[in-house]
Amino acid sequence: MHFAEALPLQSGAALADYTLVYETYGTLNAERSNAVLVCHALNASHHVAGMYEGDPKSAGWWDNMVGPGKALDTDRFFVIGVNNLGSCFGSTGPMHLNPATGQPYGAAFPVVTVEDWVAAQARLADALGIEQFAAVMGGSLGGMQALAWSIMFPARVRHCVVIASTPRLSAQNIAFNDVARQAILSDPDFHCGDFYAHGVVPRNGLRVARMVGHITYLSDDDMAEKFGRKLRNASANQDYKFDFGIDFEIESYLRYQGDKFSEYFDANTYLLITKALDYFDPARAFEGDLTRALANTQAAFCVVSFTTDWRFSPECSREIVQALVCNRRRVTYAEIDAPHGHDAFLLEDARYMNLVRAYFGRIWDETTGKEQA
Amino acid sequence: MNFEDLSSLRPDLAFIAHWVPEAAHVLDVGCGDGAMLRYLQSGKRCSGYGIEIADDKLLESSRRGINVIQHDMEKGLALFGDNSFDTVLCLSSLQMMKHVEHLLRDIVRVGAEAIVSFPNFAYWPHRVALLKGRMPVSKTLPYQWYDTPNVRCATIYDFEELADECGLEVLERVALAEGKPVQFLPNLRGSLAVFRLRKKKLNGGHDASSLIT
């Protein structure tokens, strides 16, 4: 969907006009009361669920969560996935033409924040005629957007589902993000962000950025179990290779992930999204007091964390819960004992899925006016 | 959930529900399947939260539509501010705690009043079992000694002593058998002990418990 009205950004800059690509699943009811917005994280898109015709490899990034009969049941809810500004999956981003210059934006694409994304999503909701969402939901960076929705548009969110997220990044989180950014910025093929004109892609920088990021999504135990110190293509006598190629399985795995990522992801997008992560801190305007930052929220919340997630640890989620409790907001909080680190929010886990299913069951009962037992 | 449902499901909870004021802000520590909070919400217009550690109970509570927070009570109630609730419930959970005293102090810190219940170890069938040389196994203590989650065994008299030490005033004390109060020889004939407590007020109006901790 194209928006001709300029979008003012938190940085003071503005996007003159822009396009948001989105997908919807299910049917909007006559009262327009069953809409759920699903916000995406770093490397995902508007393609939340389902498959494209004739492409069995195209399952949406949250296909295990969203679909007919699933935890977020599209037979009941009208689900919207929207690609954020600055992304590389269709919505206006740094690879698109800057109307002011006729050249790709590149480095000139303005830095966007979580709040800017939410403001853009709200315009999409307006255009779709959705006054209030039954729920806004997201994991990780998507959870930040859900939280921002509840703060920026309190009356437009009945339920806010925040999974494996945090009210702010820690110094360690920011440090990892900056290492990733430096990998991209120092790649000679980056050309200060204008690599499109040079017909190259800063592939090495993107690979290293993804490798660093990927380490933080897995837990130590998970890595130990999956890879341990297993050697890759070990010689007959199980010896080391004594060079700087691939010895260990984990090296092979990370390089494969990095290679794959560098083929489809945009370097400028990676910079923009990690910056949006770093900047998110709704308590900042309230001297660090998250309770005050959440004082105007009206939604009921469902907060979920995973015990082995050291990137956005349960402590981060508990901080959100504590601030909500202080404000006497309705809140459900689950701490799922899953072994997969931050990535757990995308994976199948019966306790996790059942909890989310139960919560959406409750939203459904509310939406349809049914009392709980 | 209405009162009749609660009475038939859990008569002890139905009795205790009378002690919770209308529209109170309630914390239910160890809320289990959430039946009590559900009734307090729908039947007495109460608000508040349940705390539960077990995944299956959390799910049941969530299905009931109550606000449930997964948390290990053993780690205390630091999540909640002082006096943030009208009533704190801790029903048939305290006996499973390793840090009973710490939790009890925390319960009265966060709430104006507390209602605490636990299986009365001095209930006469338990005494008979011990006289026969065996650990008691009953409806309120349905476990064998080697698999019981109840790590603390207390009688009504024992708990009174601890409450006093923690600077708590006993507002009401009832022993229940089959969900009904026992008037005569409660420490012998009651299987479930229920206490309504609050911080003792000193002359200056300070909370006694805050001076002790």
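Which backbone nitrogen lies 3.0 Å from a polar atom of the side chain of Ser45(A)? In this predicted model, the nitrogen belongs to His47(A).

Ser45(A) sits in a loop of chain A. Strand S6 (35-39) lies on one side of that loop in sequence, and strand S7 (66-67) on the other. The relative accessibility of Ser45(A) is 11%, so the residue counts as buried; the cut-off for that class is under 20%. Beyond its neighbours within four places in sequence, Ser45(A) is in contact with four residues of chain A: His40(A), Trp61(A), Asn83(A) and Phe89(A).

The chain around this site was examined next. Chain A holds 11 helices and 13 strands. Its C-alpha trace spans about 65 × 50 × 50 Å along the principal axes. The radius of gyration of chain A is 21 Å. A compact globule of 373 residues would have a value near 21 Å, so chain A agrees with that expectation. Of the 373 residues in chain A, 56% are buried; Ser45(A) is one of the buried residues. Contacts within chain A often link distant parts of the sequence. Among those between residues at least 6 apart, 70% join residues at least 24 apart.

Chain A also meets chain B. In this interface, 23 residues of chain A are in contact with 20 residues of chain B. The size of an interface is often given as the accessible area lost when the parts come together. Here the buried area is about 1,900 Å². Carbon and sulfur atoms give 51% of it. Three residues, Tyr49(B), Gln70(B) and Leu79(B), supply 27% of the area that chain B buries against chain A. No other three residues supply more.

Polar and charged pairings were then counted. Between the two chains there is 1 salt bridge. Asp55(B) pairs with Arg351(A) in a salt bridge, and their closest N and O atoms are 3.7 Å apart. Polar contact links 10 residue pairs across the interface, with both residues at pLDDT 80 or more.

On chain B, helix H4 (55-63) and strand S3 (68-70) each supply at least two residues of the side that touches chain A. H4(B) gives the most to this side, with 5 residues. By class, the residues on this side of chain B divide into 10 nonpolar, 6 polar and 4 charged.

Notes: Residues numbered from 1 in each chain as written. Chains lettered and ligands numbered in written order. Heavy atoms only, no water. Helix = DSSP H or I, 4+ residues; strand = E, 2+ residues; numbered from the N terminus. Buried < 20%, exposed > 50% of the residue type's maximum accessible area, 1.4 Å probe, protein only. Polar contact = N/O pair within 3.5 Å; in protein donor to acceptor, adjacent residues only side chain to side chain. Contact = heavy atoms within 4.5 Å. Buried area = accessible area lost by both parts, 1.4 Å probe. Salt bridge = Lys/Arg side-chain N within 4 Å of Asp/Glu carboxyl O. Nonpolar A, V, L, I, M, F, W, Y, C, P; charged D, E, K, R; others polar. Rg over C-alpha atoms; globule rule 2.2 N^0.38 Å.
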